[in-house]
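Please look through the structure shown below, starting with the ligand and the residues around it, and then moving on to a few places along the backbone.

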Amino acid sequence: MSDNNEFKAWRVHERDGQYQGAEEVLRLSDLPDGEVLIKVRYSSLNYKDALSAAGNKGVTRQYPHTPGIDAAGEVVASTAGTPAVGDSVIVTGYDLGMNTAGGFGQFIRVPASWCVPMPAGWDGRTAMIYGTAGLTAGLCVQKLLAMGAKPEQGKVAVTGASGAVGSVAVELLARLGFDVVAISGKADHADSLKALGAAEVVGREALTADKKPLLKPQFANAVDTVGGSPLAELLKQIRPGGSVACCGLVAGPQLETTVLPFILRGVNLLGVDSVEIPLTDKQAVWSRFAADWACPKTEQAARDIGRGQLGGALQAFLKGESAGKIVLDHNL
Ligand SMILES: NC(=O)c1ccc[n+]([C@@H]2O[C@H](COP(=O)([O-])OP(=O)(O)OC[C@H]3O[C@@H](n4cnc5c(N)ncnc54)[C@H](OP(=O)(O)O)[C@@H]3O)[C@@H](O)[C@H]2O)c1
């Protein structure tokens, strides 16, 4: 921030129905009202940011807009008791980056109730390697565990395995002792998925649409990040009593299925939301990633980019070509 309260942000404008993002200089007075002003050091790239940058009105209604559903940084002004000036915080979800200026700017102003204190021993970059995608993967795994998922029950499938959510789910499940089958459309990522801990990597054709209402059960449990037809096929291949934690829609929001997996095999479809859940639920998962759920391979493989590289990186999400975790470093 300069003396005259200016800062830089990657902001998207709508011109003649086209959406274009670029770095520009804003003033703190451009930010919305809020209790806590945060100097953002790092953000994280998510599919939802790509939708916001592309003008998806289900994500962002009005432009110009600064995307970035994740942010980590230091509190520089606060009218709330907690967090206080100098505290390191993580902000993910709620309205950040949707219709509230987000983490692709060097400053955000948000309600105190959106701020998670940085777990002890962690820093903003590490937190943003995980970001909303990692948080979501953690919530998916937490739901499977709460349903009684255990490694000895059999293989666990992860769809969209090379993506931001999928890759963290692969490493976390493997670390917890599960036999992970990574389902991925990127044959050239098989080695990196195995390096994350996947026991097997299979192509998306494993979930090609099939007319049969039930198929041979292959997986004890699953994390699904893609939705649509692949999720419908996955449900047909879950063993009796197994669960699918479902969090994404890159293959489509429609789910055309029969009730047969549910009523003949007792399969559970578990919805996962990382955005509007209580702050304490987010905090619990962050604390686990900062301790016994750490995913060192994901941390080592993360890529850092500057604001100038955001346009291309967000396009890759929309094309389904993005892989692994990407951190936005405001110092680059
Ligand atoms: N519920 C929540 O709170 C929450 C939170 C975060 C994200 N999400 C959602 O979770 C999904 C994944 O997010 P992300 O950040 O991980 O995105 P991402 O990095 O783009 O990963 C998605 C992956 O899905 C696969 N994929 C892409 N297009 C596909 C298609 N047409 N059919 C089948 N697979 C396809 C690709 O992996 P492969 O090439 O390996 O197959 C891609 O890398 C998104 O829908 C996002 O909105 C939800």
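**The ligand and its surroundings**

In this predicted model, the ligand sits in the largest pocket. Two helices, α2 (124-146) and α3 (164-175), are the elements that give two or more residues to the shell around the ligand. When the shell is viewed by domain, at least three of its residues come from domain 1 (6-118 + 302-329), and at least three come from domain 2 (133-271).

In total, 26 residues surround the ligand, and the closest of them are Ser162, Val165, Ser184, Gly185 and Ser274. Sorted by character, the residues of this shell divide into 11 nonpolar, 12 polar and 3 charged.

Some contacts with the ligand can be followed atom by atom, and they involve both side-chain and backbone atoms of the protein. In the side chain of Lys186, an N or O atom is 2.9 Å from an oxygen atom of the ligand. At Ser322 the partner is instead a polar backbone atom, which is 3.3 Å from an oxygen atom of the ligand. Tyr47 likewise takes part through its backbone, where an N or O atom lies 3.4 Å from an oxygen atom of the ligand. As for the surface of the ligand, it has 910 Å² of accessible area on its own, and the protein covers 87% of this.

**Backbone features to look for**

Most residues other than glycine have a negative phi, and most peptide bonds are trans. With that in mind, the reader may turn to three places along the chain.

In the loop between β1 (6-15) and β2 (18-27) lies Asp16, which has a positive phi of about 50° although it is not a glycine.

Further along the chain, the peptide bond from Tyr63 to Pro64 is cis, with omega near 5°, and Pro64 itself is found in the loop that runs between α1 (47-53) and β4 (70-78). Another cis peptide bond joins Thr82 and Pro83, where omega is about -5°; the loop that holds Pro83 lies between β4 and β5 (88-92).

Methods. Residues are numbered from 1 along each chain as its sequence is written. This is a predicted model: local features need pLDDT of at least 70, side-chain atom pairs count only at pLDDT 80 or more; totals for chains, interfaces and linings use all residues. Side-chain values use heavy atoms; hydrogens and water are left out. A residue is near a molecule or strand if one of its heavy atoms lies within 4 Å of it. A polar contact is a pair of N or O atoms within 3.5 Å; within protein, one must be able to donate a hydrogen and the other to accept it, and residues adjacent in sequence count only if both atoms are side-chain atoms. Accessible areas come from the Shrake-Rupley method with a 1.4 Å probe; for residues, only the protein chains shown count as cover. On a 1 Å grid over the protein atoms alone, a cavity is a set of points where a 1.4 Å probe fits but cannot get out, and a pocket is an open set with protein on both sides within 12 Å along at least five of seven lines; lining residues have an atom within 4 Å of a point. A molecule sits in a cavity or pocket if more than half of its atoms lie within 2 Å of its grid points. Helices (H or I, at least four residues) and strands (E, at least two) are DSSP runs, numbered from the N terminus. Ala, Val, Leu, Ile, Met, Phe, Trp, Tyr, Cys and Pro count as nonpolar, Asp, Glu, Lys and Arg as charged, and the others, Gly among them, as polar. Domain bounds come from an automatic or database domain assignment.
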